[in-house]
Amino acid sequence: MSACPLLEEVVDSNSFHTLLPVIARILEKNLVVSCDNAPTAFSGKVDRNTPPVDRFLYRFVKYGCCSKEVFVFMMIYLSRHAAKTGLDLAVTNVHRLIITAFLAAVKIRDDTPYCNVYYSKLGGVSIQELNQLERIFLVGIDFDLMVAPKDYEAMIESLTTASTSCDVFTVASPPLKDATHRSPVRATHKYDYTASPTCTLKSSDSELHARGSALRAVRARTAAK
């Protein structure tokens, strides 16, 4: 994984997990340039404006205002989705899969997540598209959002092993690799992926900082009642 300047900005964040560089490397190593999967709602264009995976991921650390455990949950959900749908991580879909898995993770793990509008700005997609992706992703994992302590510990162990090894595990949960049920994501959701733009990070740092500050203030007032 190439060095990412943004890493230096997020390493002291409360949202920073020490295994995040490993997560970024695993996601990058699992990417296929072109895959045999039929286009899905997660497919999009890739151009010079498409951010690298590590920069995209660290953006969620910097502005996601979430607990660091959210990123482990995110990896668990990505593994479940890959195992149940057979959808490979590819350069064309990794950004939308990260956005959607993060959204599911922050809603399950944290008590007071922000609204989808904020996360759509953070991820560079429209709110309409993010809402659609969320529904499709949840169907893809059969709404299996429960993360037992053993699931969390198993993911931590896999990430820790990957951090000290030249080998990188595949983003698919081992217990589900041979599952007979595969969610019909591609069969039931028709989507013109050619019209889906790249995940362009249009919102500036100052805009996200202002939005995040306003949402944190609302969260604080709500908690005080």
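1. A salt bridge is taken here as a side-chain nitrogen of Lys or Arg within 4 Å of a carboxyl oxygen of Asp or Glu. The pair Glu-129 and Arg-96 meets this criterion, with an N to O distance of 2.5 Å between the side chains. The contact joins distant parts of the chain, since Glu-129 belongs to helix H7 and Arg-96 to helix H5, 33 residues apart. The model is a predicted one, and the remarks below should be read accordingly.

2. Both partners of this pair lie under the 20% limit for burial. Glu-129 counts as buried because its relative accessibility is 9%, and Arg-96 is likewise assigned as buried, with a relative accessible area of 2%.

3. Helix H5, which spans residues 94-109, has 16 residues. From the first C-alpha to the last, H5 reaches 22 Å, close to the 22 Å expected at 1.5 Å a residue. The helix is mostly covered, with 13 of its 16 residues buried.

4. Arg-109, also in helix H5, forms a salt bridge with Glu-69. The closest N and O atoms of that pair are 3.4 Å apart. Glu-69 is located in the loop between H3 and H4, and the two residues are 40 residues apart, so the pair again links distant parts of the chain. Arg-109 is partly exposed, its relative accessible area being 32%.

5. A further salt bridge brings together the side chains of Asp-151 and Arg-80, at 3.3 Å from N to O. Asp-151 is in helix H8 and Arg-80 in helix H4; this pair links distant parts of the chain, 71 residues apart. At 26% relative accessibility, Asp-151 is classed as partly exposed, whereas Arg-80 is buried at 6%.

6. Salt bridges that share partners join Arg-80, Lys-84, Asp-142, Asp-144 and Asp-151 into one network. Over the whole structure, the search finds seven salt bridges, among them the Glu-129 and Arg-96 pair discussed at the outset.

7. Backbone geometry merits a check at Asp-142, a member of that network. Its phi is near 55°, a positive value in a residue other than glycine. Asp-142 sits in the loop between helix H7 (127-140) and helix H8 (149-163). Asp-142 counts as partly exposed because its relative accessibility is 35%.

8. Cys-65 also has a positive phi, near 50°, and is a residue other than glycine. Cys-65 is placed in the loop between helix H3 (53-63) and helix H4 (70-85).

Key
Residues numbered from 1 in each chain as written. Predicted model: local features only at pLDDT ≥ 70, side-chain atom pairs only at ≥ 80, totals over all residues. Heavy atoms only, no water. Helix = DSSP H or I, 4+ residues; strand = E, 2+ residues; numbered from the N terminus. Expected span 1.5 Å × (residues − 1). Buried < 20%, exposed > 50% of the residue type's maximum accessible area, 1.4 Å probe, protein only.
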